[in-house]
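Student: Could you take me through one part of this protein up close? I'd like to see how the local details fit together.

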Amino acid sequence: MSQYKILYVANEINPFLQTTEVADYVRALPQAMQERGMEIRILVPRFGLINERKNRLHEVVRLSGINISVGDEEKPLIIKVASIPNAKLQVYFIDNEDYFHRKSVFVDKEEKFHEDNDERAIFFCKGALETVKKLGWAPDIVHCNDWMTSFIPLYLKTTYKNDPIFKNAKSIYNIYGNSFEHKFNDDLISKAMMMDIDESMLDHLRSADFEGFVRLGMEYADAVIKSKEEAGDIIDKLINNAPKNKKVETIQKDANYLDSYYNLYNELVG
């Protein structure tokens, strides 16, 4: 078996930040795959709840400094890095003052969903791919976790499909039960646009809600994973309406789940 390169993209990872079970998955999976001979990179947002001094984050100047477009605006991308204690794993953090310096993740102190969470997701997805390009590291698998990563499978199949770094990459879209009820503004589609994307490819986003994000991720990923059997009615509905011929699996966090992901990676690349 070859030593595959696996890129994990998620909104959180232990021990830096945990709000849902995603943080545990994205902590356990990369280390287990590294121990099996895989080469790993991990990218997450640098949310303001992450203490930079305590976690020893520092800026990677050679990766920082480009601008990421979100609609008509361009925002500077800052990349920071830290090591996971007691593991030979580094985590790259996507940062921007406007999007990630507030002391919250997706909701404010009054539990109100941030109106710009769509822009934050778009910036994160674009920034993650541009960071990997700057690293000059070509992944075999891009494993996207939760709704914030929903744009990446589309971007891989369009804007980045001929890029030497991504042209052979397969994407996995992992769905969790972390839904939200917020509806975004009508300009969501225009903000998500990139080169080589026809507006019709973003039709799922016309609902401007959680289901639209998940449908988009499912549409363009090479494989779709439901992380647990009891993910909720919304997730079940979405899974049941997955595109025909789409590889869809449920991989529960049981004694064999690491083997299940390992086998899936080999199947997709092999």
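Student: Which residue takes a positive phi in the hairpin of β4 and β5?

Tutor: That's G71, with a positive phi near 65°. Keep in mind that we're looking at a predicted model. The hairpin has two residues between its strands. Those strands are β4, covering residues 67-70, and β5, covering residues 73-76. They run antiparallel to each other and pair over four bridges. If you want a spot to start from, find N67 in β4 and look across to P76 in β5, which stands opposite.

Now follow the side chains along β4. In a regular strand, side chains alternate between the two faces of the sheet. You can see that pattern here: I68 and V70 point to one face, and both are buried. N67 and S69 point to the other face and are not buried. So N67, the residue across from P76, has its side chain on the face away from I68 and V70, because the side chains alternate along β4.

While you have the model open, there's another buried residue to look at, away from the hairpin. D116 sits in the loop between α3 (97-100) and α4 (117-135). Its relative accessibility is 17%, and buried means under 20%, so D116 counts as buried. Leaving out residues up to four places away in sequence, D116 touches Y99 and R102.

One last stop is the largest pocket, with a volume of about 300 Å³. It is lined by 15 residues, and the closest to its centre are F106, V107, F113, W147 and S179. By type, the lining divides into seven nonpolar, five polar and three charged residues.

Notes. Residues are numbered from 1 along each chain as its sequence is written. This is a predicted model: local features need pLDDT of at least 70, side-chain atom pairs count only at pLDDT 80 or more; totals for chains, interfaces and linings use all residues. Side-chain values use heavy atoms; hydrogens and water are left out. Buried means under 20% relative accessible area, exposed over 50%, partly exposed in between (1.4 Å probe, protein chains only). Two strands pair if DSSP finds at least two bridges between them. On a 1 Å grid over the protein atoms alone, a cavity is a set of points where a 1.4 Å probe fits but cannot get out, and a pocket is an open set with protein on both sides within 12 Å along at least five of seven lines; lining residues have an atom within 4 Å of a point. Grid points are joined across faces, edges and corners, and a volume is the space filled by probe spheres set on the points. Ala, Val, Leu, Ile, Met, Phe, Trp, Tyr, Cys and Pro count as nonpolar, Asp, Glu, Lys and Arg as charged, and the others, Gly among them, as polar. Contact means heavy atoms within 4.5 Å.
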